[in-house]
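Subject: Structure for you, with notes

Hello,

Here is the structure I promised to send over. Please open it alongside this email.

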Amino acid sequence: MIRRQEGLTWSDVTPKAVYLNRREILRGMGIAAGAVLVGGKLLGELAWPAEVEAAGKFPNLVKSPLSTTEKQTSFEDVTHYNNFYEFGTDKGDPAKNAQKFRTSPWVVSVEGEVAKPRKFTMDEILKLAPLEERIYRHRCVERWSIVVPWIGYSFSTIAKLVEPTSKAQYVAFQSAYDPGQMPEAKYGGIDFPYVEGLRLDEAMNPLTLLTVGMYGDSLPNQDGAPVRMVVPWKYGYKSIKSILKIKFQKSEPPTTWNLYAPNEYGFYSNVNPKVDHPRWSQASERRLGDLFRRDTLMFNGYGDQVASLYNGMDLKKYH
């Protein structure tokens, strides 16, 4: 018996790749994609249960006023052009290599300089606050960009529950790393697990999104399932994927790409068209799916919301 949507938990959600692949399975059995054998008889159109079809969906999403009205990048582009070195260094590798990555059960540890350290299951994370759809611009340091309808809520929601102490000045994040499930990582050239960090006031900004889905559905593995960060005014590598640990601390945390090449990747990594990468200009970008380039916006266009965080800072020095 299939439970209805309101009774489903995170572990019940049918992985999207499995659901969409059912037609290929039928073809492999020599059965038409729209037909099925029952009791030795070929029936017509496959009646896929509505509850299963909806299992990966998020009902009653709040449409966030923080969203851009720009044209969204196609789901196909966003899910097949990825940086996720744990699953390969070519842009198409994660979509091929991450499909069997196990995202259930999943627990996120929140610890460090907090009054109430806690471990959250995915079911708990999903219930902490109403889920919002936020259509954000997202800019990669490699000069391409996307517009994605992410699903989640402000990171400050989970931060307030653990009550950061007065010593907490930064938030450190750590991704999952399992060599058995991520054999391509050994060719990535960077250290794992992947780590990132934000200053506390950056993390508590309403734009900073704890993200559990996209395009009305759960996150695909290659896009950071089951939970990731999205920090839309910073370059994409700051939006860490597949989070297992969140630690509040008093000192600036190490970050993966800054450790790898500090002259190329700073701790802040704010989108800034006036600060070139040592190997290319950041003054323009190409939106995936578009032919022509466009000018890069300071803070990726979110200056009204975040510029005050950096008053008095030299944003060329603290890049």
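My notes on the sheets, the core and the backbone follow.

One caution before the details: this is a predicted model.

**The five-stranded sheet**

Five strands make up an open sheet. Their order is β5-β4-β13-β8-β9, and the pairing is mixed. The edges are β5 (118–121) and β9 (195–199), each of which pairs on one side only. On average, neighbouring strands here are turned by 20° against each other, direction ignored. Look at the β9 edge. β8 pairs with β9 in the antiparallel sense, over five bridges. To find the register, start from Ala-172: its bridge partner in β9 is Gly-197.

**Around β14**

Strand β14 covers residues 284–287. It has pairing partners that run in opposite senses: β7 (residues 144–154) is parallel to β14, while β15 (residues 293–295) is antiparallel to β14. Two bridges join β7 to β14. Three bridges link β14 and β15. Two residue pairs fix the alignment. Trp-144 stands opposite Arg-286, and Glu-285 has Arg-294 as its bridge partner in β15.

Which residues of β14 are on the covered face, and which on the uncovered one? Glu-285 and Arg-287 are on the covered face. Ser-284 and Arg-286 are on the uncovered face. Side chains in a regular strand alternate between the two faces of the sheet.

β14 and β15 also form a hairpin, with five residues between them. Gly-289 sits in that turn and has a positive phi of about 95°.

**The nonpolar core**

The largest nonpolar core has 76 residues. Which of them touch the most other members? They are Phe-155, Phe-173, Val-212, Trp-233, Ile-246 and Phe-248. Strand β7 gives the largest share of this core, with six residues.

Phe-155 is a good place to start a contact analysis of your own view. Leaving aside residues up to four places away in sequence, Phe-155 touches Val-171, Phe-173, Ala-203, Thr-208, Leu-209, Leu-210, Met-229, Ile-246 and Phe-248. Three of those names, Phe-173, Ile-246 and Phe-248, also appear in the list of core residues that touch the most other members.

**Backbone points to check**

Most residues other than glycine have a negative phi, and most peptide bonds are trans. The following sites depart from that pattern.

- Ser-104 to Pro-105: the peptide bond is cis, with omega near 0°. Pro-105 is in the loop between α5 (93–97) and β4 (107–112).
- Ala-225 to Pro-226: this peptide bond is also cis, with omega near -5°. Pro-226 lies in the loop between β11 (217–218) and β12 (228–230).
- Glu-163: phi is positive, about 55°, although the residue is not a glycine. Its place is in the loop between α7 (156–162) and β8 (170–175).
- Phe-299: phi is near 55°, again positive in a residue other than glycine. Phe-299 lies in the loop between β15 and α10 (303–306).

Are Glu-163 and Phe-299 buried or partly exposed? Glu-163 is partly exposed, with a relative accessible area of 35%. Phe-299 is buried, because its relative accessible area is 6% and the cut-off for buried is under 20%.

Best wishes

Conventions. Residues numbered from 1 in each chain as written. Predicted model: local features only at pLDDT ≥ 70, side-chain atom pairs only at ≥ 80, totals over all residues. Heavy atoms only, no water. Buried < 20%, exposed > 50% of the residue type's maximum accessible area, 1.4 Å probe, protein only. Helix = DSSP H or I, 4+ residues; strand = E, 2+ residues; numbered from the N terminus. Pairing = 2+ DSSP bridges. Axes fitted to C-alpha atoms, helices over the stretch in contact; angles between N-to-C directions. Core = buried A, V, L, I, M, F, W, Y, C linked by side-chain atoms within 4.5 Å. Contact = heavy atoms within 4.5 Å.
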